[in-house]
Amino acid sequence: MPNYYFREVWTPLRLVGIRFYRDDQDRLWIKKGKQRRQLVRKEERDTMET
């Protein structure tokens with residue numbers, strides 16, 4: 001499993017326990033309460049097969 005470096009993106013949802021993060025590949029992750037982080041959206045360049 002790769003290691004990621006996350007930085008938190010501040011939103012008002014943080015006040016109710018929903019946090020958003022961006023990783024070093026600029027993908028968006030979400031964390032709800034004490035659950036694990038989940039990938040929300042992949043960039044188009046990650047989904048293209050060449």
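**View 1. Leu13 and the nonpolar patch at the surface.** In this predicted model, Leu13 has its place in the loop that runs between strand 1 (7-9) and strand 2 (18-22). With a relative accessibility of 40%, Leu13 counts as partly exposed, because the partly exposed class lies between the limits of 20% and 50%. Leu13 also belongs to a nonpolar patch on the surface, which Leu13 forms with Leu15 and Val16. Together, these three residues have about 340 Å² of accessible area.

**View 2. The whole chain, as a setting for the close-ups.** The chain holds one helix and four strands, and, when followed from the N terminus on, its elements come in the order β-β-β-β-α. Of the 50 residues in the chain, 16% are buried. The accessible surface of the chain comes to about 4500 Å², and carbon and sulfur atoms account for 49% of that surface. If one takes the contacts in the chain with a separation of 6 or more, 3% of them are made by residues 24 or more positions apart.

**View 3. The aromatic pair of Tyr4 and Trp29.** A search of the whole structure finds four aromatic pairs, and one of them is formed by Tyr4 and Trp29, whose rings lie 5.5 Å from centre to centre, with 55° between the planes. This pair counts as tilted, because its angle falls neither under 30 degrees, as in a stacked pair, nor over 60, as in an edge-to-face pair. The pair links distant parts of the chain, since Tyr4 sits in the segment before strand 1 and Trp29 in strand 3, 25 residues apart. Tyr4 counts as partly exposed at 30% relative accessibility, whereas Trp29, at 12%, counts as buried.

**View 4. The aromatic pair of Phe6 and Tyr21.** The ring centres of Phe6 and Tyr21 are 6.2 Å apart and the ring planes stand at 75°, so this pair is edge-to-face. Here too the pair links distant parts of the chain, with Phe6 in the segment before strand 1 and Tyr21 in strand 2, 15 residues apart. Tyr21 has a relative accessibility of 9% and therefore counts as buried, as the limit for a buried residue is under 20%.

**View 5. The aromatic cluster and Arg37.** The residues of the two preceding views, Tyr4, Phe6, Tyr21 and Trp29, form one aromatic cluster. Arg37 lies over the face of Phe6, at a distance of 4.2 Å from the ring centre. Arg37 also lies over the face of Tyr21, where the distance from the ring centre is 4.4 Å.

**View 6. Asp26 in the loop between strand 2 and strand 3.** Asp26 is found in the loop that joins strand 2 to strand 3, and its phi angle is near 65°, which is a positive value in a residue other than glycine. The relative accessibility of Asp26 is 34%, so this residue counts as partly exposed.

**View 7. Gly33 and its distance from Arg19.** Gly33 is located in the loop between strand 3 (28-32) and strand 4 (38-41). Because its relative accessibility is 47%, Gly33 counts as partly exposed. Along the sequence, Gly33 and Arg19 are 14 residues apart, while in space their C-alpha atoms are 8.1 Å apart.

Methods:
Residues numbered from 1 in each chain as written. Predicted model: local features only at pLDDT ≥ 70, side-chain atom pairs only at ≥ 80, totals over all residues. Heavy atoms only, no water. Helix = DSSP H or I, 4+ residues; strand = E, 2+ residues; numbered from the N terminus. Buried < 20%, exposed > 50% of the residue type's maximum accessible area, 1.4 Å probe, protein only. Contact = heavy atoms within 4.5 Å. Areas by Shrake-Rupley, 256 points an atom, 1.4 Å probe, with all protein chains shown as cover. Patch = residues over 30% accessible without salt bridge, like charges linked within 9 Å, V, L, I, M, F, W, Y side chains within 5 Å. Salt bridge = Lys/Arg side-chain N within 4 Å of Asp/Glu carboxyl O. Phe/Tyr/Trp six-rings, centres within 6.5 Å; stacked < 30°, edge-to-face > 60°. Lys NZ or Arg CZ within 6 Å of the ring centre and 35° of its normal.
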